[in-house]
Amino acid sequence: MILNYSSYAGAITLGLSRKNMHKTARELLGVIIDNYTIVNTHGEPYAVEGREAAEWYRGETDIYDNIKKGADAPEVKKQAVKYFQQRILTNEFLLPTKLPAVLQKLIEIINSDAYIPKATKEELLSLSSIENSAEFLAKAFLYAVTVDNRLTDTGDPLPTAPAPSIDTLQNDINAAFDILGRLPKPVQLSPPEELQQDEMKYVSALLDAFSEDAKKPIPTSADIPKEYRRLFDRQRRAYYAAESVRESTRDSEYFRGRQDFAELKQEILDGVIETCDAPNQTGMERLRNTLDKAVVVPLTSLLPRIPGWVGVNEKKGVCHMLVNDDEIRWTDGE
């Protein structure tokens, strides 16, 4: 046996009145989620789902990297013992009468784990008493989260593969692109006739740029002169092209728990910010120069590598999302 999330959670269930993998994951990971910022692909606070909790418990999938980082964060370690004392060692979660069985199981796992560093093993075992149970459970858990959770049939962690040859790497790359090419393309959204609430900010920024260029106020989209109307309509189509990708990453199980769309936005921001912030530009110049730059920015994150997912319109649309996020602007007077 090795000490990872799967074996640790298995030991904890010995102390529960009723096995519940989802509740177990929520309570245990709460020490990290409550004290370290973890968000989902939409930038919203992360919450453990039942399916992934079951997969982690069975050792079928690994814990997300951002959770592993949280387990090693100083602010999490600082609060861990107090959290376990107040949330784990309670009648509502871990029954006191069953605590000795939990500790004994964890001791067996730690003793049999040949991969734990000697100093870590000695520290954990020195704490494995009823009196130190909060500290023991907390430190053992934070260590367990950082270990690969996927197991072989023998219960060992997955072995480290030898360095692949160039031919093997190329075959793997070809296979990966073949798999990515099978992903369904995003369902393309069309701009509704009426402006939506989430469009108001980037649309207002466009109106400011048009007003500056026309040297007269253009207060609403209904007031846009003919010479700017086609440009405005193109930007709405671009925004909804990017929104199509964002919604697809949100709704698809392939991207669950990942930050792929956030990574795409960050890459484009990094690529256009110098162009956008260059001095002595009018609002229209800044708008056009930034959109032109976005189209040619080299992108290395996952989504642009999936055939048919991120093209010219999607890249331009992300720029308008960055306006919504207050990351870029077109006019100095906004």
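# Close-up views of the predicted model

Glu123 is partly exposed, with a relative accessible area of 37%.

**Figure 1. The salt bridge between Lys139 and Glu123.** In this predicted model, the closest N and O atoms of Lys139 and Glu123 lie 3.0 Å apart and form a salt bridge. The pair links distant parts of the chain: Glu123 belongs to helix α7 (residues 118-126) and Lys139 to helix α8, 16 residues apart. Lys139 has a relative accessibility of 31% and therefore counts as partly exposed, since the range for that class runs from 20% to 50%. Elsewhere, Glu27, Asp34 and Arg87 are joined into one network by salt bridges that share partners.

**Figure 2. The salt bridge between Glu27 and Arg87.** The rule used here gives a count of 18 salt bridges. One of them joins the side chains of Glu27 and Arg87, with an N to O distance of 3.4 Å. This pair also links distant parts of the chain, as Glu27 sits in helix α2 and Arg87 in helix α5, 60 residues apart. The two partners fall into separate accessibility classes: Glu27 is buried at 17% relative accessibility, whereas Arg87 is partly exposed at 34%. Glu27 is classed as buried because its value is under 20%.

**Figure 3. The salt bridge between Asp62 and Lys68.** The closest N and O atoms of Asp62 and Lys68 are 2.7 Å apart, and the two residues form a salt bridge. Lys68 has a relative accessible area of 15% and is therefore buried, the limit being under 20%.

**Figure 4. Surroundings of Glu55 in helix α3.** Glu55 is placed in helix α3. This residue is buried, with a relative accessible area of 17%. Leaving aside residues up to four places away in sequence, Glu55 touches Glu60, Thr61 and Asn149.

**Figure 5. The largest nonpolar core.** In soluble globular proteins, nonpolar side chains tend to be buried together. The largest nonpolar core of this model has 51 residues, and those that touch the most other members are Leu3, Tyr8, Ile32, Ile67, Phe84, Leu137 and Phe141. At least two residues of this core come from each of α1 (5-12), α2 (21-33), α3 (50-57), α4 (65-71), α5 (74-88), α6 (99-112) and α8 (133-146). Helix α8 gives the most, with 9 residues.

**Figure 6. Contacts of Phe84, and a second core.** Not counting residues up to four places away in sequence, Phe84 touches Tyr8, Leu28, Val31, Leu89, Ala134, Leu137, Ala138 and Phe141. A second core, separate from the one around Phe84, has 42 residues, including Tyr202, Phe255, Phe261 and Leu287.

**Figure 7. Packing of α10 against α13.** Helix α10 (residues 200-214) packs with α13 at an angle of about 130°, and their axes are 8 Å apart. The two helices are therefore oblique to each other, as the angle lies between the perpendicular range of 65 to 115 and the antiparallel limit of 145 degrees. On the α10 side the contact comprises Leu206, Ala209, Phe210, Glu212 and Asp213, which meet Gly283, Met284 and Leu287 of α13. Of the residues in this contact, 5 are nonpolar, 1 is polar and 2 are charged.

**Figure 8. Two residues with positive phi.** Asn280 is a residue other than glycine with a positive phi, near 60°. Its place is in the loop between α12 (260-276) and α13 (283-296). At 79% relative accessibility Asn280 counts as exposed, because that class begins over 50%. Asp326, also a residue other than glycine, has a positive phi near 65°. Asp326 is found in the segment after α14 (312-324). With a relative accessible area of 56%, Asp326 is exposed.

**Figure 9. The whole chain, for orientation.** The secondary structure of the protein chain comes to 14 helices and 0 strands. Along the sequence this gives the pattern α-α-α-α-α-α-α-α-α-α-α-α-α-α. The chain has 334 residues, of which 44% count as buried. Among contacts between residues at least 6 apart in sequence, 75% join residues at least 24 apart.

How values were computed
Residues are numbered from 1 along each chain as its sequence is written. This is a predicted model: local features need pLDDT of at least 70, side-chain atom pairs count only at pLDDT 80 or more; totals for chains, interfaces and linings use all residues. Side-chain values use heavy atoms; hydrogens and water are left out. Helices (H or I, at least four residues) and strands (E, at least two) are DSSP runs, numbered from the N terminus. Buried means under 20% relative accessible area, exposed over 50%, partly exposed in between (1.4 Å probe, protein chains only). A nonpolar core is a set of buried Ala, Val, Leu, Ile, Met, Phe, Trp, Tyr and Cys residues joined through side-chain atoms within 4.5 Å. Contact means heavy atoms within 4.5 Å. Axes are lines fitted to C-alpha atoms, for helices over the stretch in contact, and angles run from 0 to 180 degrees between N-to-C directions. Angles under 35 degrees count as roughly parallel, over 145 as roughly antiparallel, 65 to 115 as roughly perpendicular and the rest as oblique. Ala, Val, Leu, Ile, Met, Phe, Trp, Tyr, Cys and Pro count as nonpolar, Asp, Glu, Lys and Arg as charged, and the others, Gly among them, as polar. A salt bridge is a side-chain nitrogen of Lys or Arg within 4 Å of a carboxyl oxygen of Asp or Glu.
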